[in-house]
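Here is a quick tour of one structure, written for someone who likes to poke at coordinates. Load it up and follow along.

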Amino acid sequence: MAYISDDRRKVTTHRLAEMKARGEKISMLTSYDYTMASLVDGAGVDVILVGDSASNVMAGNMTTLPITLEQMIYHGKSVVKAVKRALVVVDMPFGTYQASDIEAVNNAIQIMKITHADALKLEGGEEILPSVRRILAAGIPVMGHLGLMPQSINKFGTYAVRAKGEEEAEKLLRDARLLEEAGCFALVLEKIPAELARRVAEELTIPVIGIGAGGGVDGQVLVVSDMLGMTKDFSPRFLRRYADLFTIVTEAVGHYVEDVKSGDFPNETEQY
Ligand code: KIV
């Protein structure tokens, strides 16, 4: 058994701040359903993200843009029911917080009321600051997300590393400071140079969680199906696979099909 925390206290935003202060790295993974969230929580992950990557992973869409508020609420509710210890963060989906701060706070309240999640995550900096402030003013903890922001894929045009140039790096630093000043409890940095991410984590007092942002940050997040090796064709440099579930599941299902076809399953002890 690799790691099961003996500290079963519920993880809070306050405890994440304490972890950063004492130099303890924060572990975060996505989950979208009850069964996976039970496993991930039971294994000791600190933060579970109900990511809008559900759009790709659960619904087979090419981008995160199509997933709806109702669908995120469905995933959020399923995950929260399973989780005893981890802090549960739900992504606000594309189109639910960009148009106005009033619409943003109304949608945020709906997610929190129905899912009972602990916090929300929004992609963007200065441009979405009024929404971030309004949601925070309603008493809802907000996690920021900068760098590669998949909801803006049509603007970027590519999933390549962000903020390699000075101008974009300066904007990212400015946005990170603004999000901290506004009151965000943590920040995700996706696919940016490790040196820039380290600088942000050193400068901010709130925890900075990286995905493809190197080891100089305060924690790491991965998409659970990627790190479990359920997918074969997605292999970015930052992804470490901790299992090969693609092979395990394919072999197990193939074996089941064989047993059904041959009449080996069910046997006498497997019937009434
Ligand atoms: O939706 C998601 O899975 C995310 C992570 C990649 C951070 O936002």
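Is Val260 buried, exposed or partly exposed? Val260 counts as partly exposed, because its relative accessibility is 39% and the in-between class covers what is neither under 20% nor over 50%. Keep in mind that this is a predicted model.

## Val260 and the end of the chain

Val260 sits in helix 11, which runs over residues 245–262. Pick Gln151 as a partner and you get a separation of 109 residues in sequence, with the C-alpha atoms 44 Å apart in space.

Once helix 11 is done, there's a segment that holds Pro266. Check the backbone there: the peptide bond from Phe265 to Pro266 is cis, and its omega is near 0 degrees.

## The ligand site

Which residues surround the ligand? The list reads Thr30, Leu49, Gly51, Asp52, Ser53, Asp91, Lys121, His145, Glu190, Ile211 and Val223. Sorted by class, that shell has 4 charged, 4 polar and 3 nonpolar residues.

Now for the polar distances. Lys121 has a polar side-chain atom 2.9 Å from an oxygen atom of the ligand. For Asp52, a side-chain N or O atom is 3.0 Å from a ligand oxygen, and for Asp91 the corresponding distance is 3.1 Å. On its own the ligand has 260 Å² of accessible area, and the protein covers 95% of that.

## Nonpolar cores

In soluble globular proteins, nonpolar side chains tend to end up buried together. Here the largest nonpolar core has 63 residues, and the members that touch the most others are Leu120, Leu122, Ile135, Leu187, Leu189 and Val200. Helix 4 (residues 69–82) supplies the largest share of this core, with 6 residues. There's also a second, separate core of 17 residues, including Leu49, Met143, Ile211 and Val221. Two of those names, Leu49 and Ile211, also turn up around the ligand.

What does Leu120 touch once residues up to four places away in sequence are set aside? Its partners are Val89, Val90, Met92, Ala108, Ile111, Met112, Ile135, Ile140, Pro141, Val142 and Met143. Ile135 is also one of the best-connected members of the largest core, in the sense of touching the most other members.

## Arg162 and Lys191

Arg162 is found in the loop between helix 7 (153–156) and helix 8 (166–182). Is this arginine buried or exposed? Arg162 is buried, because its relative accessible area is 14% and the cut-off is under 20%. Leaving out neighbours within four places in sequence, Arg162 is in contact with Gly147, Leu148, Phe156, Glu168, Lys191, Ile192 and Pro193.

One of those contacts, Lys191, deserves its own look. Lys191 lies in the loop between strand 6 (186–190) and helix 9 (194–203). Its relative accessible area is 19%, so Lys191 is buried too. Lys191 isn't a glycine, yet its phi is positive, near 50 degrees.

## Another positive phi

His116 also has a positive phi without being a glycine, in this case about 65 degrees. You'll find His116 in the loop between helix 5 (101–115) and strand 4 (119–121). Where Lys191 is buried, His116 is exposed, with a relative accessible area of 57%.

Technical notes
Residues are numbered from 1 along each chain as its sequence is written. This is a predicted model: local features need pLDDT of at least 70, side-chain atom pairs count only at pLDDT 80 or more; totals for chains, interfaces and linings use all residues. Side-chain values use heavy atoms; hydrogens and water are left out. A nonpolar core is a set of buried Ala, Val, Leu, Ile, Met, Phe, Trp, Tyr and Cys residues joined through side-chain atoms within 4.5 Å. Buried means under 20% relative accessible area, exposed over 50%, partly exposed in between (1.4 Å probe, protein chains only). Helices (H or I, at least four residues) and strands (E, at least two) are DSSP runs, numbered from the N terminus. Contact means heavy atoms within 4.5 Å. A residue is near a molecule or strand if one of its heavy atoms lies within 4 Å of it. A polar contact is a pair of N or O atoms within 3.5 Å; within protein, one must be able to donate a hydrogen and the other to accept it, and residues adjacent in sequence count only if both atoms are side-chain atoms. Accessible areas come from the Shrake-Rupley method with a 1.4 Å probe; for residues, only the protein chains shown count as cover. Ala, Val, Leu, Ile, Met, Phe, Trp, Tyr, Cys and Pro count as nonpolar, Asp, Glu, Lys and Arg as charged, and the others, Gly among them, as polar.
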